[in-house]
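User: Could you take a close look at one helix for me and tell me how it sits in the rest of the chain? Some background on the chain first would help.

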There are 2 protein chains.
Amino acid sequence: MAEAERRRAVVDLGSNSFRLVVFAAAPGSWWKLTDEIFESVRIGAGVGESGELQPEPMERALHTIELYVHFCRASGLASEQVRAVATSAIRDAANRDEFLARAREAGLEVEVLSREEEARYAYLAAVNSTTLADGAVLDLGGGSLQLVEVRDRHALEVGSWPLGTVRMTERFLPGERASKKHLKALRAHVREELASASWLPGSGPRLAGIGGTVRNLAAAAMRAAGLPRVETQGFRLTRDALAELRAELADRPLDKRGDVPGIKPERGDIILAGAVAVETVLEVGDFDSVEVTEAGLREGIFFADLLAPAQPPLFEDVREASVRNLANQYEVEPRHTRHVAALSLGMWDALAAGAVHAGDPAERELLWAAAMLHDIGVSVDYDDHHHHSRYLILNAGLPGFDPRELALIAQMARYHRKGSPDLGELEPLMRKGDEALLRRCSAVLRLAEQLERSRDQSVRSTRMEIDGDLVRLDLLAEGDVSVARWAAERQRDLFEQAFGRGLELAAA
Amino acid sequence: MAEAERRRAVVDLGSNSFRLVVFAAAPGSWWKLTDEIFESVRIGAGVGESGELQPEPMERALHTIELYVHFCRASGLASEQVRAVATSAIRDAANRDEFLARAREAGLEVEVLSREEEARYAYLAAVNSTTLADGAVLDLGGGSLQLVEVRDRHALEVGSWPLGTVRMTERFLPGERASKKHLKALRAHVREELASASWLPGSGPRLAGIGGTVRNLAAAAMRAAGLPRVETQGFRLTRDALAELRAELADRPLDKRGDVPGIKPERGDIILAGAVAVETVLEVGDFDSVEVTEAGLREGIFFADLLAPAQPPLFEDVREASVRNLANQYEVEPRHTRHVAALSLGMWDALAAGAVHAGDPAERELLWAAAMLHDIGVSVDYDDHHHHSRYLILNAGLPGFDPRELALIAQMARYHRKGSPDLGELEPLMRKGDEALLRRCSAVLRLAEQLERSRDQSVRSTRMEIDGDLVRLDLLAEGDVSVARWAAERQRDLFEQAFGRGLELAAA
């Protein structure tokens, strides 16, 4: 069973931005981010020449730290619940001790992460929010770039280079216009630095990417491709799409780069250097694409705490953990939910065994996820709760699933009660055959929901017999099943549309 | 403080449809509908000739009752938590005792409401979900029509007539086509029956309407007017719009009436009789419009229990109760929320006192509501929680506010953090001047949110001084306010756009 709820704050003093995040968790049941204060502080701005944090950025930083200290005090977060870490810009600054002393005066004890520690938290964030098992993790920040080799979900080689976006912009692309020469020099520099990662070429096939730069580039690529506005989590940013985006950014003057849809205005000035860095990593490592995750250093730190003492602190199965996490946050009739999932999978399996459909295990996993989440929308309002379930799934997100899969799960939940399943505005995310997949899973889920309409698990399980164009459904139950039969009978049309066969409920 | 959570089920065996609803409540804090099983049973079908419930409708009814009994047992609802009531069709049936005995055998003890009781619950539902103080309540069901005269929120005269939609359809509009003659006869019959309500003419000006017919007609009128898809709660269906809709329905054959957008297909066959009945009530009572409420008999019964021992069991202030109810369901940092509301109202009042705006109390109430609800979206996901707050407000609804007001509150919450306030797709619901209203309230709310960014109520209150084109804002605080000043400074543009004056933060 779940322990009592606990809270943890992580303060991430990055080279480009500062972020305070608060996580709440009932370990073993759910976790979520509950608060965030983001400030585009740019503490690394202007460090280049002197190696020192500059007065203005330092003032901005201390103001933000003061805000964070107030906030933690007001939120009742004790110092042992708050972990503040600093990365590249502060780590490497000649006057770092002065800064740390002033932060301490303001009430915040800051821990400077080593390069290896920074990379390790990036690895934990990525492997806990994607299905990456073999490949590499890229973490691109304002000050540094980390790469971690991953084999069988374990971290192997780790590297960190001072190739962050703020640094690279100041050094290579300081002007209003980015010349070909400057871009070439930047690219050559990144390539040269990464040569020390002898493991990188051939570490593929998969690369997971972390950090605001990667997220912004992915969002821009999704907008450029005309995809619906869903989170970037799990999106694959291909080399081609990235090259196109980089070319568009390079064509624009500095102050227009933040206008590219998907790029945040405050990131406009450093995004081009970031795009070149990511592109060069793909090239050197020979990756086709980078898979975006929205988790970051902060989540890595949080997961290390949440999942301790596991070593490494990883979810056993990221997708399953995501689904259970979201379901447990809403906790809508767990017994009913689990039973609908069991009935759905039982019928889906029987139809696969009877060769009524192909039995793709990936489809089965989506159906399970949808069944586990079909009722969470009740927390918004009972009326139209199928719509609300869809909204909550799309907006909370499910790390481990890509946007297409997330959208399919959301649509299945949407159609668990009413309506004729279609992909709607999410269609651009889909592949061929996905509408048929949606229809199959929705029909099975709705049938299961009807069999469980009285919510008493009176229909224990089902048996299906495939007889030519007819599927005969037998209800295994204790006691009277007339209500379940009567409720299920009304789903015949949907079933027939999905599977091209009639449905007959066997006599009691 | 709030008592422990309690649950109540109401089973409403209506003449057209049966409905089981489950309410959960923490009395003094919140209440909500958590479950609903709706069945279009039509128990009143075919009663006309014999005065007896017919065998087929009775079988459908008993099946549904069985489902409800299973459901209550599975949900752990004890019999003292379940109240089952029957209305017109069952009340008036010659074989009602047989039906009640069979329901009892199936496990449900059904109480037959008298006409007066039925009308009284309709009154409680309407006056607890609208701002109606003087006027009348119309409750139109499948079997009967109730009217209640309301003065100073108390029920005076009560009437009930066998003018329900199922009955009237069978008697006057049984065919595929509704002839002018039939419609005229129906209208004359309703008028004649209502003549016994001598209090009805002149009982206005306001009429609140209850029941699926009124809701469906309102939804259809909203669709016809091209309004965005928000709930019908609080919508005023005018006589003109109703006449147009009735004419369109009358032009269609029976089986096409359910295709009119907004009308539910299963209600298509009885909607025309319903439209004529409502129209005739408006005519006889000389009302301009009927204000829709989505509450019904079930809510009336629930409110009587929730608000006991108050006599009559009414919320003191319906709007305030709605806002607090929704806020308490999510309970996102109540102290922060209340303080943002207090700061917002303080600044809004000061600007009104300085004649910077007109100081309309209705605007003030919307601002208060938005402040109380601005953060509820955090429960969906911290990212974009301003969007989620908007979604939750629009979808949960706020009885007592009309669709325009609800939309304004939702937009204010949407703009409490980011973006440039506009009405967006909700614009068709608005009046002239509403965009300026939204900008004013959003600017004040965002300023308050920034002053309370550290969530520690360190800015106790504010003082405003209007000096020509400049508004000087003084922060009354204990201790250092540099963080609050720094956060608030960034809202100057928004303030200037909203009020046409500069904002200056007074020196600490």
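Analyst: Let's start with burial: of the 508 residues of chain A, 51% count as buried (20 or more other C-beta atoms within 10 Å of a residue's own, with 12 or fewer meaning exposed, anything in between partly exposed, and C-beta atoms placed from the backbone). Keep in mind that this is a predicted model, where local features need pLDDT of at least 70, side-chain atom pairs count only at pLDDT 80 or more, and totals for chains, interfaces and linings use all residues. Residues are numbered from 1 along each chain as its sequence is written, while chains are lettered from A and ligands numbered from 1 in the order in which they are written.

Now the helix. H10(A) covers residues 297-306, and seven of its ten residues are buried, so the rest of the structure largely encloses it. The buried ones are Leu297(A), Arg298(A), Glu299(A), Gly300(A), Ile301(A), Phe302(A) and Phe303(A). What lies over them? The cover includes strands S1 (6-13), S2 (18-26) and S4 (82-86) plus helix H4 (115-127), all of chain A. Helices here are DSSP runs of H or I with at least four residues, strands are runs of E with at least two, and both are numbered from the N terminus.

Zooming out, chain A has 18 helices and 14 strands. Its radius of gyration, taken over C-alpha atoms, is 26 Å, close to the 23 Å from the globule rule for 508 residues, so chain A is as compact as a globular protein of that length (the rule is 2.2 Å times the number of residues to the power 0.38). The C-alpha trace spans about 85 × 50 × 40 Å along its principal axes. Among contacts in chain A (C-beta atoms, placed from the backbone, within 7 Å) between residues at least 6 apart in sequence, 70% join residues at least 24 apart.

As for domains, chain A splits into domain 1 (6-113), domain 2 (116-297) and domain 3 (319-505), with bounds from an automatic or database domain assignment. The centres of domains 2 and 3 of chain A, over C-alpha atoms, are 38 Å apart. Where these two meet, 13 residues of domain 2 are in contact with 14 of domain 3. The domain 2 side has five nonpolar, seven polar and one charged residues (nonpolar is Ala, Val, Leu, Ile, Met, Phe, Trp, Tyr, Cys and Pro; charged is Asp, Glu, Lys and Arg; the others, Gly among them, are polar).

Finally, the partner chain: 28 residues of chain B are in contact with 28 of chain A. H2(B) gives the largest share of chain B's side, seven residues.
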